[in-house]
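This report describes the fold of a protein chain, its sheets and the surroundings of its ligand. Please look at the sequence and the model before reading on.

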Amino acid sequence: MTTETLVFDDKQTLVDTAARRFADLIGAAQRARGVASVVLTGGSNGIAILASLAADSGDIDWSTVDIYWGDDRFVPTDDPERNYGQARNALLDHVPVDPARVHPMAPSDGEFGDDIDAAAAGYAATLLANAGADVSPHFDLHLLGMGGEGHINSLFPHTAATAEAQKTVVAVEDSPKPPPRRITLTLPVVNRSKAVWFLVAGEDKAQAVAAAHAGADPADWPCAGAHGTEETVWFLDHAAASALPDA
Ligand SMILES: O=C1O[C@H](COP(=O)(O)O)[C@@H](O)[C@H](O)[C@H]1O
């Protein structure tokens, strides 16, 4: 397993470089196996990379990409906070995905109604149904944004969701970052991904970046607990990298 830390002059260069490498990784998986799988994330850079891919997808065949989400906000279908809706606007409405391969988390007015635990269990069932012999797929790529306190997906410091070792998907009722109700993949699922990429910009993220690189306890800094089985890549701008020892 390799770990790379790449530092860029500005956020747009970071995002565009990650988008080109995304196209190369997914294209290579499709050439090898005919299909590929990716977990999308929300947040500023998580959506910006999708806009970059909408402009230039390289040789990705979108019709054979399975698309999942690392987390989503448990809000109504049309709520602008929903990561799925943001991903559709930025990318999925502009490329020829196969709707049967797009796997959003349920909204709060969806098939499970306002029952967030049932919605989380429903997403666990979706993962299981696409997992082969395991409990969740081994994704080709899991994208991650990160909060200044080190949260990834909706895994916040010192929470049961971050400590979860058995369930693949859990409900979060009291997210410190609004909106409070969310559904999230857990660390064991993130860590079944072949590649885990962090997309992080801004000085407010520098302490969390440094903590993860120093091998901090994931209970304190959830970002420190996420690794790909083949590669972990940190795409940073100079501000986010500013607390690293060799910055
Ligand atoms: O709430 C969330 O935040 C993180 C990071 O967002 P950012 O805007 O600080 O980059 C995001 O990755 C996650 O999916 C989202 O739900």
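Two strands are said to pair if DSSP finds at least two bridges between them, and helices (H or I, at least four residues) and strands (E, at least two) are DSSP runs, numbered from the N terminus. By that criterion, β5 and β8 pair in the parallel sense over 4 bridges. This is a predicted model, in which local features need pLDDT of at least 70 and side-chain atom pairs count only at pLDDT 80 or more, while totals for chains, interfaces and linings use all residues. Residues are numbered from 1 along each chain as its sequence is written.

## Overall dimensions

The secondary structure of the protein chain consists of 7 helices and 9 strands. Its C-alpha atoms fill a box of roughly 50 × 40 × 35 Å, taken along the principal axes. For 247 residues, a compact globule would have a radius of gyration near 18 Å, and the 17 Å of the protein chain agrees with this; the radius is taken over C-alpha atoms, and the globule rule is 2.2 Å times the number of residues to the power 0.38. Of the 247 residues, 48% are buried, where buried requires 20 or more other C-beta atoms within 10 Å of the residue's own, exposed 12 or fewer, and partly exposed a count in between, with C-beta atoms placed from the backbone. Among contacts in the protein chain with a separation of 6 or more, 78% are between residues 24 or more positions apart, a contact being two C-beta atoms, placed from the backbone, within 7 Å.

## The parallel sheet

An open sheet of 6 strands has the order β1-β9-β8-β5-β2-β3, and its pairing is parallel. The edges are held by β1 (2-8) and β3 (65-69), each of which has a single partner strand, so one side of each is left without a neighbour in the sheet. Neighbouring strands of this sheet are turned by 15 degrees against each other on average, direction ignored; axes are lines fitted to C-alpha atoms, for helices over the stretch in contact, and angles run from 0 to 180 degrees between N-to-C directions.

The table lists parallel strand pairs of this sheet together with one bridge from each.

| Strand pair | Bridges | One residue pair |
|---|---|---|
| β1 and β9 | 7 bridges | Leu6 and Phe235 |
| β8 and β9 | 6 bridges | Leu199 and Phe235 |
| β5 and β8 | 4 bridges | His142 and Val196 |
| β2 and β5 | 2 bridges | Val38 and Leu141 |

Phe235 in β9 is thus the bridge partner of Leu6 and also of Leu199. Leu141 likewise has two partners, since Val38 is bridged to Leu141 in β5 and Leu141 stands opposite Ala195 in β8. 

Why is β8 described as largely enclosed by the rest of the structure? All of its residues, 6 of the 6, are buried, so the rest of the structure largely encloses the strand. Both faces are covered, with Ala195, Trp197 and Leu199 on one side and Val196, Phe198 and Val200 on the other. In β5, Leu141 and Leu143 point one way whereas His142 and Leu144 point the other way, and all of them are buried. Helix α2 (residues 43-55) lies across β2 (36-40), β5 (141-144) and β8, and runs at about 110 degrees to β8.

## The antiparallel sheet

The order β4-β7-β6 describes an open sheet of 3 strands with antiparallel pairing. Its edge strands are β4 (71-73) and β6 (169-172), each pairing on one side only, and the twist averages 15 degrees from one strand to the next. Between β6 and β7 (residues 182-185) there are 4 bridges in the antiparallel sense, and Val170 stands opposite Thr184 in β7. Helix α4 (residues 116-129) lies across β6 and β7, at about 160 degrees to β6.

## The ligand shell and Gly202

Around the ligand there are 14 residues, of which the closest are Thr41, Gly42, Gly43, Ser44 and Gly145; a residue is near a molecule or strand if its C-beta atom, placed from the backbone, lies within 6 Å of it. Helix α2 contributes the largest share of this shell, 4 residues. By type, the shell divides into 1 nonpolar, 11 polar and 2 charged residues, with Ala, Val, Leu, Ile, Met, Phe, Trp, Tyr, Cys and Pro counted as nonpolar, Asp, Glu, Lys and Arg as charged, and the others, Gly among them, as polar.

Gly202 belongs to the loop between β8 (195-200) and α7 (206-213). Gly202 counts as partly exposed because 17 C-beta neighbours lie inside 10 Å. Apart from neighbours within four places in sequence, Gly202 is in contact with Ala239 and Ala240. The C-alpha atoms of Gly202 and His94, 108 residues apart along the chain, are separated by 29 Å.
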